[in-house]
There are 2 protein chains.
Amino acid sequence: MTTQARRSKPGPRRTLTEGAILDAALDLLDEGGVKAASVRGIAARVGVAPNAVYTYFPDKAAVVKAIVEHLLGQVDLAVFSDRNVPWRQRIESLALELRERLTAHPGAVNLMIGGPMDGPRALALNEHLMETLGDSGLGAAEAARASYLLIVYVFGSIALETAEQGDQTRGTSEDEKIASRLKGFSAIPAASYPLSAAAAPIMATYVSTRQYTWGLHKVLDGLTGE
Amino acid sequence: MTTQARRSKPGPRRTLTEGAILDAALDLLDEGGVKAASVRGIAARVGVAPNAVYTYFPDKAAVVKAIVEHLLGQVDLAVFSDRNVPWRQRIESLALELRERLTAHPGAVNLMIGGPMDGPRALALNEHLMETLGDSGLGAAEAARASYLLIVYVFGSIALETAEQGDQTRGTSEDEKIASRLKGFSAIPAASYPLSAAAAPIMATYVSTRQYTWGLHKVLDGLTGE
DNA sequence: GTACATTTTGTACGGCGTACAGAAATAGGC
DNA sequence: GCCTATTTCTGTACGCCGTACAAAATGTAC
């Protein structure tokens with residue numbers, strides 16, 4: 001160890017870290033939605049000139065990618081790897097965990113869907129899903145297709161859920177959201193859309209954990225042929 | 001008809017129509033992605049000053065909403081209402097039609113997911129799905145939940161599909177897209193992600209019609225408890 | 001101490017959505 | 001057939017965005 005790998009670069013020490021930038025970006029995302037998470041906004045929050053951000057990330061797309069990876073990295077896949085737990089339950093727990101992490105930052109899921117999810121964390125998630133589905137007795141090819149179906153369901157659900165809520169303040173409880181939706185649905189003309197008007201109380205609950213798990217169960221039922 | 005309802009307003013005649021603006025916006029969306037579909041770009045294409053667009057739409061969000069409705073309006077739901085056709089097949093045909101219409105304009109589905117889909121066309125789609133699922137023997141509440149599950153699947157699939165393709169030129173065939181994806185997957189380190197590396201040929205086909213219908217069948221299987 | 005690599009800032013460019021005021025064009029009331 | 005009210009479109013401008021470029025400040029290695 002004659003060569004000190006660290007402490008090698010010349011120039012002033014950095015005043016920030018990538019993590020601090022990502023944290024600031026997430027805060028802004030939570031407070032003001034996607035439009036608030038601008039490079040200039042991030043820089044202002046961490047107390048630095050706008051272009052200083054480009055020392056840490058080549059462009060804004062890289063920041064977005066890093067946020068996505070950061071969020072995916074927050075879910076500890078090892079927790080859902082206990083083979084003593086039935087595979088269906090492991091998948092359900094993971095799906096619920098993902099929903100919780102991502103709905104905590106509305107607008108974040110839109111960032112994910114904006115570009116390809118090809119980072120290492122996304123890959124690890126894919127790997128984990130295929131591994132778990134392998135335990136279900138599915139062959140390798142079927143497990144792969146099935147894991148993509150699950151990814152579509154999870155991210156599609158969350159994306160639609162946050163989209164339907166628009167810019168609604170984040171602090172509201174699930175019951176409040178449902179009540180607010182139901183109120184909006186009262187404007188549906190029953191003459192033109194009788195089934196929708198009648199189903200308004202159900203449609204209001206589309207953004208609930210119950211609907212999420214209900215749909216997940218149907219998907220899993222379809223996968224296991226039952 | 002003594003009262004001419006039309007030809008009533010003062011002021012110069014309009015030089016454009018809402019439709020012309022939407023067509024221009026869709027063209028730009030196809031050619032240059034979401035960023036190209038700017039108000040200024042649209043105005044330039046139809047040969048008008050940027051702010052003239054605001055005569056037809058109150059703001060850009062309204063234009064986006066109109067595009068979404070325009071696209072949804074392109075699918076003629078009546079075609080999928082023939083009760084002589086089994087309900088599963090009707091849903092499958094509709095799902096395929098939606099995918100075709102929306103993947104024809106990559107970036108458009110991101111616009112849909114960006115905000116709530118509460119326009120009349122979206123409502124009509126929901127109504128149609130609930131009606132069709134009613135034919136399957138599901139109760140009203142289950143049919144409502146099931147239709148949302150289908151919407152999540154359809155729009156989630158298309159959103160992920162267009163996202164994974166990034167800014168890939170639109171003209172490429174499905175086979176070319178798959179080949180390109182497979183090439184990219186060869187970079188997956190088999191040591192860290194053995195299952196994913198091995199499943200690369202399957203994962204490459206995630207963006208295919210086959211995967212889309214495969215997943216749809218699984219969802220429908222889950223819905224019918226088989 | 002000097003040379004060099006690196007971080008941060010100041011400034012600037014082009015593009016965005018859109019607000020505002022004014023000019024041109026058209027309808028209805030007299 | 002003028003007058004007035006209303007509407008459409010343009011010119012201009014503001015504040016925001018992402019980011020390129022050059023210079024200043026700061027650190028390491030020789």
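**Close-up views of a predicted protein–DNA model**

**View 1. A backbone contact from A:Val39 to DNA strand D.** A phosphate oxygen of DNA strand D sits 2.9 Å from a polar backbone atom of A:Val39. As in every view here, the model is predicted.

**View 2. Two side chains of chain A at phosphate oxygens of DNA strand D.** Look for A:Tyr54, which places a polar side-chain atom 2.7 Å from a phosphate oxygen of the strand. A:Lys60 also has a polar side-chain atom by a phosphate oxygen of DNA strand D, at 2.8 Å.

**View 3. The protein surface around DNA strand D.** In this view, 26 residues surround the strand, and the closest are A:Arg40, B:Pro12, B:Thr15, B:Ala49 and B:Asn51. By class, this surface has ten nonpolar, eight polar and eight charged residues. On the DNA side, sugar or phosphate accounts for 58% of the strand D atoms within 4 Å of the protein, and bases supply the rest.

**View 4. Where chain B meets chain A.** Here 50 residues of chain B are in contact with 51 residues of chain A. About 4,600 Å² is buried between the two chains, with 68% of that area coming from carbon and sulfur atoms. On the chain B side, B:Arg145, B:Tyr148 and B:Leu160 lose the most area to chain A, together 16% of what that side buries.

**View 5. Polar pairs and helices at the interface of chains A and B.** Twelve residue pairs are in polar contact between the chains, while salt bridges number zero. Several helices of chain B contribute two or more residues to its side, among them H5 (108-114) and H6 (120-134). H7(B) gives the most, with 18 residues. The chain B side comprises 28 nonpolar, 13 polar and nine charged residues.

Conventions. Residues numbered from 1 in each chain as written. Chains lettered and ligands numbered in written order. Predicted model: local features only at pLDDT ≥ 70, side-chain atom pairs only at ≥ 80, totals over all residues. Heavy atoms only, no water. Contact = heavy atoms within 4.5 Å. Buried area = accessible area lost by both parts, 1.4 Å probe. Salt bridge = Lys/Arg side-chain N within 4 Å of Asp/Glu carboxyl O. Polar contact = N/O pair within 3.5 Å; in protein donor to acceptor, adjacent residues only side chain to side chain. Helix = DSSP H or I, 4+ residues; strand = E, 2+ residues; numbered from the N terminus. Nonpolar A, V, L, I, M, F, W, Y, C, P; charged D, E, K, R; others polar. Near = heavy atom within 4 Å.
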